[in-house]
Amino acid sequence: MILWRKMMRDMWGNLGSYLACLVLVVIGMVAFLAFAIASNNMAVSKDILYREQNFAEGFAELVAMPEHYVERVRRMDGVAQATGRLVRDVQVYDAEGAASVYLRLVSLDLQEHGRLNDVLLLKGEPLAARELKGWLDQRFFHANDLELGETIRIIAGGRVRELVVGGVGTSPEFVYPMRTEAEIYTDPQRFGIAFVPAQAMWQLFTDYDRAFNSLVFSLEPGADFERVKERLELELERFGVLEIYPRVDQTSHFVLTEEIEVINTMATFFPVIILMVAGFIIYIVLRRLVEQQRGQIGILKAFGYGKRQIMFHYLSYSLALAAVGGALGGLIGMWLANPLTDMLYEFFHLPPVYTGFSASALATSILICVGVLGFAGYHGCKAVLRLTPVEAMQPPAPPVGRRNLLEKFPLLARMLTVQGKMALRNISRSRSRTAFVFFGLMISCAMVAFTWALATEAMPKFMFYQYEQVETHDAKITLDGPRRRHSIHRELQGLPDVSLAEPMAEVPVKLSHRWRRENVLLIGLLPQARLYNILDVDGRRVIPGDDGLLLSQRLADNLAVGIGDTVELESLYLRDIYDKVEVDVVAIVPQYMGMNAYMGIAGLEELLGQEAFATSFLVEFVGGPGPERERVTALRELYRESDLLAGVDSRLEQLDLMVEYWEEAGWIIVLYVAIGVVFSFAIIYISSLVVLSERQRELASMRVLGMSSGEVFSVITFEQWLIGVVAVVAGAPLGRVILGAFAQSWSTDMYTMPAEMSAQSLLAGVAITFAAIWASQRFALRKIRRLSMVAVLKARE
Amino acid sequence: MASSILVGTGLKKRYRMGEVDVYALKGVDFTLYKQELVVVLGESGSGKTTLVNLLGGMDQATEGELMFGETAIHQCDEDELTEYRRNQVGFIFQFYNLMPNLTARENISLGAQIASDPLDVQDLLEQVGLADRADHFPSQLSGGEQQRVAIARALAKNPRLLLADEPTGALDLPTGRHILALLRRFRDEYSKAVVLITHNTNISQLADRIIYLKDGRIEWVHENDSPIAPEEVNW
Ligand SMILES: Nc1ncnc2c1ncn2[C@@H]1O[C@H](COP(=O)(O)OP(=O)(O)OP(=O)(O)O)[C@@H](O)[C@H]1O
Ligand SMILES: [Mg+2]
């Protein structure tokens, strides 16, 4: 058809805008398909693993429960299957002692059929009941370059034992193993899971002879978790039940689900934004085109082309882009989906599931594009429908609009140059383009400010506050349970390297206020503690007193309490474990990592009715940890064989982990800033192109009058700077709002993201947006230099 | 007497200009016969373009009747009007109005491709003497050449009537003559009825009939028994 040729040539003549639009559509669709397919692959893979390995639906942690009791739980109403395990964390004996490496031993009952949370053995051999041989989780195995048959020396029950690596496996429970919930990143080199026969475990931990401290269960179809939990709580009370929680609260499941969710969000969020911008571009471009080709539309009408036919002709500009962009994006997206999935599988070590070429996915992506661009295109060229043939042949009626800015402010008019006046008129004349540029710049400014604040303020504060501001010790010694503190304190204090040792009591408690309840760790500290500083919002020290609790902000919010309120406290550490005591809230403090309550250690002991005890000690060395943290290593060495100690951790090591994680995550921030920059650049560039072709004649006439291309261009730049200034004024606060929303959605009970934005970040947003405007104008200026006056003025419209 | 193809009676056209109504046509009776060449004369603003727009189905009369054979054009809806323009009418404008992004040949095909019984495009190109410029874009053609393409384009649909609104208005004498000769030749060879608007009295001598419009009414009609040849036109 002839009109197709017209379309191709029209598009070729304004290649920049259409290409920008096409690129956006392709990027949008690639993001959509790649993320959608990857998240689908992950979800399918997850479901398969969960089903095949009988992932439990409920988890109970208890002090100790005899093995035979599991059978009783199995017969309980609502419980389909139950499996008991002994779970113990041990330290790996490292000859160099450079870092603390932990293994979580999880017992396997080799006799049991239909075992819950079964291990999928990837390679290796079966285990034998009494042998200290185990299957390791994949991450740990690979991260430490282990081999089958190798032995790992672990410290269990105060002695060094040799654990033989019998195989490598994965379990639905530990797809993403974490040592504590409060960790945001677990280094697979330093923490792993080992599945060991129950018999062998009982030989290691003699306190637990034929006993379990963990119980997992699945529900009968239709059974209600809460009801089962209530019954179990009663049943297990005498075994010291610590916590019973459903699958949704299980750490690995939570992280994995969250991750799939995030990928899903990416699959919608990015494409929606990008397609919206593409739609807006095509809308602007078509609107302008229809205005410009008014005469041509008139001729087509005079020749007997129907309005729908003409409409379709203009609509086909956007539909062609949509079809090509959708197909191209769809194909590239599908092609990238599997590498992306691979990356995720590598991270999570899920059994791989892939999606091949899918015609329906391709069709979906084309359909979405056609839908969005078709809609935008329709609104761009619906003017065709309203235009009667006679009107189309006549020049457009002069806009009888509201008075423009110039007429409202005559003084302003006198101050401006001719270019300034033209720019102002353009702004009020083409409202939708002004809106496009305004919103585009506002959003990119907000995005840059947001990411900047996130990268330079919120994240560092979140990640480093705990290990730089709050904790200032050189090493933390964790005891294997609550111990009398005075003698150990004296012993540590007496070590030649140690300049200061402070006891710390970490007590699992249940706090409740009316119907709200929270299970948290209550930390008891010396009032004068120097190695663990509780700080208020302004960074001032808050002293943990003996007759009241300090709560983290999040905890106070969750319990809906304020200073002066009273909460009820229950704990297995209470002298009478069935007792409930009341405590006042005396202060609320910020806490970004973890969610704790604090108290003076003596007051805590009194509250619990216990003698002076501690669960860990913080120490400071004379002259710091020393090069290579040799003093920490020496301390570790010293207590290696003591069954009093569960581990020695170095704060700086923890900090290093954070830095490592931060460096790995850093590129995402760079990516966001880059997107913001590209965004503003594209918006300004496209708007320049549109203005250029719209006002070609006007601009060419100005050049004929003897103005330089720079002077001519200032009509466009003035307009853009004006909109730009207003846009950043709106964009900077928007960035703050986005940060607030982000922090809120990101924060969980474990992590709280601070949502502060300094003037510096706001300035960065403004500066980077302005830089993008400036840069894109340089590009557009090149185009104006090439503008041929003769050609423009000769062509009639 | 030759058979009529278009009969208009009491045609009125009112434009609303804000508060006041302006009558561009105030009651015009007009009949167009087969193979006739009618020139519509009149001063600027007398309603010439308005009349031709009504005849060509570009616009609807406010009052009056317009019959194309058995078809009541004044009662047509938008789609029927489009149909009418598509198959029966060929427009030629003062400023050629070619599609700038289509070559000469493509501009002509644009007319041909929607018609039910089109003429051969290559043939037409040769007839207007532009076979060698067929693949040039309008910007590469002179005004006269562009107008020749426009005429070929109007003709390509093989319509019953050709409506030309000041087709020579922007051209010099020899070029103008060439265009008029083409129009005449097509009238003769393809038996079209041609309505030609001009405010140039000299051109009117080439017509079979001259209608003089003044202030929205027909002032006088002149039957011209001895039309001159286009070569004799002067201005
Ligand atoms: N869309 C319109 N709205 C209002 N008035 C109109 C419109 N179109 C034409 N007119 C008025 O109708 C009258 C006739 O216009 P028309 O275009 O038919 O004149 P014309 O004879 O073709 O003039 P010219 O020789 O200058 O082309 C004029 O007074 C004109 O102002
Ligand atoms: Mg006219």
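What share of the 797 residues in chain A is buried?

1. Buried residues account for 53% of chain A. That figure, like every other in this note, is computed from a predicted model. The cut-off matters for reading it: a residue is called buried when its relative accessible area is under 20%.

2. The secondary structure of chain A comprises 25 helices and 20 strands. Contacts in chain A reach far along the sequence: of those between residues at least 6 apart, 80% link residues at least 24 apart. The surface that chain A exposes comes to about 35,500 Å², and carbon and sulfur atoms supply 58% of that area.

3. Turning to the interface, 24 residues of chain A are in contact with 29 residues of chain B. The two chains bury about 2,500 Å² between them, with 59% given by carbon and sulfur atoms. On the chain A side, I2(A), R9(A) and F303(A) together supply 27% of the area buried against chain B, and no other three residues supply more.

4. Ligand 1 has 14 residues around it. The site is shared between chains, because residues from both A and B surround the ligand. Those that come nearest are S44(B), G45(B), K48(B), T49(B) and T50(B).

5. Three polar contacts to oxygen atoms of ligand 1 can be listed individually. For G45(B), the partner is a backbone N or O atom, at 2.8 Å from a ligand oxygen. For K48(B), a polar side-chain atom lies 2.7 Å from an oxygen of the ligand. For T50(B), a polar side-chain atom is 2.5 Å from an oxygen of ligand 1. As for cover, ligand 1 taken alone exposes 630 Å², of which the protein buries 67%.

6. Which elements give two or more residues to the shell around ligand 1? They are β1 (4–17) and α1 (48–55), both of chain B. The helix α1(B) gives the most, with 3 residues. K48(B) and T50(B), whose side chains supply polar atoms at 2.7 Å and 2.5 Å from ligand oxygens, lie within the range of α1 in chain B.

7. By residue class, the shell around ligand 1 holds 8 polar residues, 3 nonpolar and 3 charged. A reader checking the site should keep both chains in view, as residues from chains A and B surround the ligand.

Conventions:
Residues are numbered from 1 along each chain as its sequence is written. Chains are lettered from A and ligands numbered from 1 in the order in which they are written. This is a predicted model: local features need pLDDT of at least 70, side-chain atom pairs count only at pLDDT 80 or more; totals for chains, interfaces and linings use all residues. Side-chain values use heavy atoms; hydrogens and water are left out. A residue is near a molecule or strand if one of its heavy atoms lies within 4 Å of it. A polar contact is a pair of N or O atoms within 3.5 Å; within protein, one must be able to donate a hydrogen and the other to accept it, and residues adjacent in sequence count only if both atoms are side-chain atoms. Accessible areas come from the Shrake-Rupley method with a 1.4 Å probe; for residues, only the protein chains shown count as cover. Helices (H or I, at least four residues) and strands (E, at least two) are DSSP runs, numbered from the N terminus. Ala, Val, Leu, Ile, Met, Phe, Trp, Tyr, Cys and Pro count as nonpolar, Asp, Glu, Lys and Arg as charged, and the others, Gly among them, as polar. Buried means under 20% relative accessible area, exposed over 50%, partly exposed in between (1.4 Å probe, protein chains only). Contact means heavy atoms within 4.5 Å. Buried area is the accessible area (1.4 Å probe) that two parts lose on being put together, summed over both.
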